[in-house]
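Me: Please take a close look at a single helix in this model. I would like to know how it sits against the rest of the chain and what its side chains do.

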Amino acid sequence: MSEHDQSATPDLEAMLAALPNANTQSFPEGFHCGYVAVIGRPNVGKSTLINHLIGEKVSITSKKPQTTRDRVLGVVTREKAQFVFMDTPGFQTKVGNQLIRRMNRTVRSTLGEVDAVIFVIESLGWRPADLEVLKLLNREQKNVILAINKTDLNKQKEQILPLIAKSMTKFPFAAVVPVSAEKGRQLDELLDEVEKLLPESVPFFDPDMDTDRSPRFLVAETIREKAFRLLGDELPYGIAVTIDKWAEDDQHADIVATLIVERESHQPIVIGEGGGKLREIGRLARQDVVDMLGKPVHLEVWVRVRRGWSDDIKALKTLGYE
């Protein structure tokens with residue numbers, strides 16, 4: 001592809017005009033850009049991998065499965081390529097409520113929309129849940145890269161080579177890259193392999209952009225993350241967050257949010273003795289939001305019961321889980 005200058009073709013100019021978020025500055029010949037899905041079983045480290053590849057926190061993390069519920073777009077721009085990552089929910093093998101069904105549909109639909117797929121497993125080996133996710137892929141696909149994550153937890157490094165060989169018998173991966181998302185190891189090598197699969201294209205987004213998600217979405221997710229981490233195993237996964245007030249100027253932000261639970265019995269668990277648990281959720285979330293927005297923040301977090309919201313189609317739409 002020729003460099004974008006006075007001699008640019010009408011077709012290229014039309015492409016740039018149709019992409020309002022795209023970087024319209026000159027880009028090198030042979031620039032590549034495309035969508036990349038990161039898939040795997042729950043709690044295998046997909047969100048951590050996305051965040052470290054991007055260099056910014058765009059997807060929340062916790063030790064609990066089902067933390068990611070949406071397709072979060074994260075953007076990485078290199079000298080000759082732009083990667084648009086989609087952090088999908090962990091595929092659930094035991095289909096339960098409407099929320100899980102929608103999360104699984106998100107995974108399936110994403111696979112049909114991307115140029116490359118990163119399939120994530122742990123360095124300790126394949127699990128039955130990994131094989132269930134693998135069934136979503138067509139063996140004729142030539143665009144799937146295996147990322148063997150959490151290599152920092154495997155004390156016997158010599159086991160990685162047999163795992164790579166075993167993995168290639170399960171699926172014809174385009175490449176296999178051992179990584180540690182937590183430690184940031186081998187991530188450039190992973191991007192190198194993904195770049196080979198991306199089509200030649202103008203960049204879709206400005207190079208300075210790292211996510212398409214709004215600050216409101218990221219704040220709501222931050223509050224949900226802190227709730228997951230502080231509540232441990234005390235509460236089932238029936239937690240959602242709404243932003244009820246957002247007032248912001250150059251010097252300050254005033255935000256009111258609500259944690260939504262499914263049962264009356266869940267409310268006192270979230271609030272905690274003397275309101276201590278809820279205050280701590282708000283305090284930890286506010287610290288992250290201050291860093292995110294770069295200004296002082298007043299954050300109030302409340303709790304409300306909405307019975308059975310995770311199995312209610314109308315409620316899911318209202319809460320943004322389309």
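Reply: A residue is called buried when its relative accessible area is under 20%, exposed when that value is over 50%, and partly exposed in between. The model is predicted, and the part examined here is helix α9, residues 276–293.

Length comes first. Helix α9 has 18 residues, which at 1.5 Å a residue should span 26 Å. The C-alpha atoms at its ends are 25 Å apart, in agreement with that expectation.

Next, the covered side. The buried residues in α9 are Leu278, Ile281, Gly282, Ala285, Val289 and Leu293. Viewed down the helix axis, the buried residues fall within an arc of 90°, so they line one face of α9. The cover over these buried residues includes two helices, α7 and α8 (267–271), together with β7 (239–248), β8 (253–261) and β9 (297–305). On the other side of α9, Arg279 and Asp291 are exposed.

The helix also carries a salt bridge. The side chains of glutamate 280 and arginine 283 meet at 2.7 Å, N to O. These two residues are three apart in α9, which means that about one helical turn separates them. Glutamate 280 has a relative accessible area of 26% and therefore counts as partly exposed. Arginine 283, at 39%, is partly exposed as well.

Just after α9, glycine 294 takes a positive phi of about 70°.

Helix α7, part of the cover over α9, has a salt bridge of its own. There arginine 224 pairs with glutamate 221, with the closest N and O atoms 3.0 Å apart. Arginine 224 and glutamate 221 are likewise three residues apart in their helix, so about one helical turn lies between them. Here, however, both arginine 224 and glutamate 221 are buried, whereas glutamate 280 in α9 is partly exposed.

For context, the structure holds 16 salt bridges. Another of them joins glutamate 132 to lysine 135, at 3.1 Å from N to O. Glutamate 132 is partly exposed at 34% relative accessible area, and lysine 135 is exposed at 61%. Elsewhere, Arg41, Glu122, Arg127, Asp130 and Lys150 are linked in a network of salt bridges.

To return to the helix: α9 has its buried residues along one face, exposed Arg279 and Asp291 on the other side, and a salt bridge between glutamate 280 and arginine 283.

Methods: Residues are numbered from 1 along each chain as its sequence is written. This is a predicted model: local features need pLDDT of at least 70, side-chain atom pairs count only at pLDDT 80 or more; totals for chains, interfaces and linings use all residues. Side-chain values use heavy atoms; hydrogens and water are left out. Helices (H or I, at least four residues) and strands (E, at least two) are DSSP runs, numbered from the N terminus. The expected span of a helix is 1.5 Å times one less than its number of residues. Buried means under 20% relative accessible area, exposed over 50%, partly exposed in between (1.4 Å probe, protein chains only). The arc is that of the directions from the helix axis to the C-beta atoms. Contact means heavy atoms within 4.5 Å. A salt bridge is a side-chain nitrogen of Lys or Arg within 4 Å of a carboxyl oxygen of Asp or Glu.
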